[in-house]
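Subject: Handover of a structure and notes on what was found

Dear colleague,

Please find below the structure that I am handing over to you. My notes on what was found in it follow directly after.

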Amino acid sequence: MVSRLANIPGIGVDRMGNAADATANPEMLRLENLDTDIAPPKAAIDATIAAITRDDANSYLPFLGIHHLRQAAADRVSKTTGVAYDPDSQCIVSAGGLSGVLNSLLALIEPGDEVIITDPAYAGLLNRIHLSGGIPKLIPLTVTSGRWRLDLDALQDAINPKVKAIVTMSPSMPSGIVHTREEWQAIVSAAEIADAWIVHDAAMERILFTGEPVLHPASFDGMAERVITVGSVSKEYRMIGWRVGWVVGPKEIMNDIGLVSLTNVVCQVGIAMPGAAAALTTDDDGVAAATAEWRTRRNHILSEMKDLPVLIPDGGWSLLIDTMALGLKPDDASKKLFDDGAIAATPMTGWGRDERAGRYLRFVFANEPVDRMTDLRERIRKAWKV
């Protein structure tokens, strides 16, 4: 194995998904992967179907994305942040959001640079830090009244000259933490002190259960010049299969990110980009209705598991259960659920430190309607004997 893969164990989701697929059991609750059964916007589907017949959509060009989509993505980020972004010089289209994250990190950091990120964090983000040559600087998420909060003292202590980037996500995977204004202020202050970039994964920023408005790091005074926003149509717009995202940021770095993108994937899926543009510009994107449904599913799981050590997510698609508090290692808890409860759920091995993230099992609530989860607690009782 080459050295750049030494700290990349995988994400575990693929193994759980493959195992669940192999059972062909229609009663299996699919809580292991970030899928959703809620349909994409109709405008996106119609535009994609039309694109299949168009010659200009069957092309490598333009390499950095079609102008209509770049305009729509730049407008989306401008509206959220209050910062005017130019689509031609400050936005490129990526082959999904995480491709945009990797391309950004490759353009920003040198091997051995430190990158601040929360613990737990999505393993795919941690793996991309490693792959780009960075060293993850893990900042703990703590638990207060059953909800996640960022350890502000640990964040302050992590600031040093080796830190070149901070990777943020709110709501975050897998915890569902939504950063408060105080936490965002601490994050942007840390970036200023360290003279570091912020790479902000905004894939879920509107999937909020708090009733509060979206907070974006680029909206804080003086931060637009150091924040790179990576978005995608996968989560909010329910368009996972399209594999379309975007990167929006300061002009000074966008040429470099574009060069990495051109070298990495060359171009995005031609027949998918018109659909993504339609999702961003339609009057009926369905995000509010989908978020209300996801909130209902989250609330059902929380109610079913109210006597268990489950952490409340304030947004996103997933929540975590501290199985170690029940005397079960997450791997064992996952196997028991799979074998005896017909529930597929992913252990958080490799999603942070073993002693922190490694305590948890993840349930994704975006892909199963409530009427399929009515016996969730009984399935858990049968599997775990609790």
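Helices, as the word is used here, are DSSP runs of H or I with at least four residues, strands are runs of E with at least two, and both are numbered from the N terminus. Please keep in mind that this is a predicted model.

With that numbering, Asp 55 falls in the loop that connects helix 2 to helix 3. Asp 55 counts as exposed because its relative accessibility is 67%, and the cut-off for that class is over 50%. From the C-alpha atom of Asp 55 to that of Thr 142 there is a separation of 52 Å, while the two residues are 87 apart along the chain.

Thr 142 itself belongs to strand 4, which covers residues 135-144. Its relative accessible area is 28%, so Thr 142 is classed as partly exposed. Neighbours within four places in sequence aside, Thr 142 makes contact with Arg 147, Trp 148, Arg 149 and Asp 151. A further C-alpha separation was computed from Thr 142 to Val 260: these residues are 118 apart along the chain and 36 Å apart in space.

Overall architecture

The protein contains 13 helices and 13 strands. For 386 residues, a compact globule would be expected to have a radius of gyration near 21 Å, and the 20 Å found for the protein agrees with this. Along the principal axes, the C-alpha atoms occupy a box of roughly 60 × 55 × 45 Å. Buried residues make up 57% of the 386. Where contacts link residues at least 6 apart in sequence, 75% of them are between residues at least 24 apart.

As for the surface, about 15800 Å² of the protein is exposed, and 51% of this area comes from carbon and sulfur atoms. The protein has 38 positive and 49 negative charges, and the mean positions of the two sets lie 4 Å apart.

Cysteines

How many disulfides does the count come to? The count is 0. Cys 91 takes part in no disulfide, and the nearest cysteine sulfur, which belongs to Cys 267, is 16 Å away. Why does Cys 267 not form a bond with Cys 91? The closest cysteine sulfur to that of Cys 267 is in Cys 91, and the 16 Å between them is too far for a bond; a disulfide requires the two sulfur atoms to be within 2.5 Å. Both residues are shielded from the surface by the criterion of under 20% relative accessible area: Cys 91 is buried at 1%, and Cys 267 is buried at 15%.

Backbone features

Two cis peptide bonds that precede a proline may be of interest when you inspect the model. One runs from Leu 61 to Pro 62, with omega near -10 degrees. Pro 62 is placed in the loop between helix 2 (42-51) and helix 3 (67-81). Another joins Met 173 to Pro 174, and here omega is about 0 degrees. Pro 174 sits in the loop that leads from strand 6 (163-169) to helix 8 (181-194).

Positive phi values also occur in residues other than glycine. Arg 238 is one of these, with phi near 60 degrees. The loop between strand 8 (227-232) and strand 9 (245-248) holds Arg 238. Is Arg 238 buried or exposed? Arg 238 is buried, since its relative accessible area is 7%. Val 266, likewise not a glycine, has a positive phi of about 65 degrees. Val 266 lies in the loop between helix 9 (251-264) and helix 10 (273-281). With a relative accessible area of 33%, Val 266 is partly exposed.

A buried arginine in helix 13

Arg 377 is part of helix 13, residues 376-384. Its relative accessibility is 8%, and Arg 377 therefore counts as buried. Which residues does Arg 377 contact, leaving aside its neighbours within four places in sequence? They are Glu 304, Asp 307, Leu 308 and Val 386.

Yours sincerely

Note on methods. Residues are numbered from 1 along each chain as its sequence is written. This is a predicted model: local features need pLDDT of at least 70, side-chain atom pairs count only at pLDDT 80 or more; totals for chains, interfaces and linings use all residues. Side-chain values use heavy atoms; hydrogens and water are left out. Buried means under 20% relative accessible area, exposed over 50%, partly exposed in between (1.4 Å probe, protein chains only). The radius of gyration is taken over C-alpha atoms; the globule rule is 2.2 Å times the number of residues to the power 0.38. Contact means heavy atoms within 4.5 Å. Accessible areas come from the Shrake-Rupley method with a 1.4 Å probe; for residues, only the protein chains shown count as cover. Lys and Arg count as positive and Asp and Glu as negative; His and the chain ends are not counted. The place of a charge is taken as NZ of Lys, CZ of Arg, CG of Asp or CD of Glu.
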